[in-house]
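Reader: I'm new to this one. Could you take me through it, with a close look at a single part?

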Amino acid sequence: MEVDLIFKIAAVGIIITILNQVLVRSGREEQATMTTLAGLVVVLMILAQRISELFDLVKTLFDF
């Protein structure tokens with residue numbers, strides 16, 4: 001696993017956490033929830049892309 005991937009996911013998590021706290025403190029709980037869900041979707045898309053690359057690698061490795 002690349003360290004770059006871990007740093008990207010951590011950066012998204014930190015940014016989403018800060019945005020969530022700012023929105024909750026200003027009384028916008030619904031927008032904070034939506035921001036958190038958007039961050040989760042972004043991270044899942046990054047992971048789905050990497051998993052797809054892993055499956056392609058396994059496929060070429062075993063000649064499926």
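What does the secondary structure of the chain come to? And after that, please zoom in on the nonpolar surface patch.

Author: Sure, with some ground rules to begin with. This is a predicted model, where local features need pLDDT of at least 70 and side-chain atom pairs count only at pLDDT 80 or more, while totals for chains, interfaces and linings use all residues. Residues are numbered from 1 along each chain as its sequence is written, and side-chain values use heavy atoms, leaving out hydrogens and water.

Now, the chain has 2 helices and 0 strands (DSSP runs, H or I of at least four residues for helices, E of at least two for strands, numbered from the N terminus). Its radius of gyration is 16 Å, well over the 11 Å that the globule rule gives for 64 residues, so the chain is more spread out than a compact globule. That radius is taken over C-alpha atoms, and the rule is 2.2 Å times the number of residues to the power 0.38. Along the principal axes, the C-alpha atoms fill a box of roughly 55 × 20 × 5 Å.

On to your patch: about 1200 Å² of nonpolar surface, with M34, L40 and F62 among the residues that make it. Patch members have over 30% relative accessible area and no salt bridge (a side-chain nitrogen of Lys or Arg within 4 Å of a carboxyl oxygen of Asp or Glu); like charges are joined within 9 Å, nonpolar side chains (Val, Leu, Ile, Met, Phe, Trp, Tyr) within 5 Å. Areas come from the Shrake-Rupley method with a 1.4 Å probe, and for residues only the protein chains shown count as cover.

Take L40, which lies in helix α2 (residues 29-62). L40 counts as partly exposed, at 46% relative accessibility; buried means under 20%, exposed over 50%, and partly exposed in between (1.4 Å probe, protein chains only). Across the chain, buried residues make up 12% of the 64.
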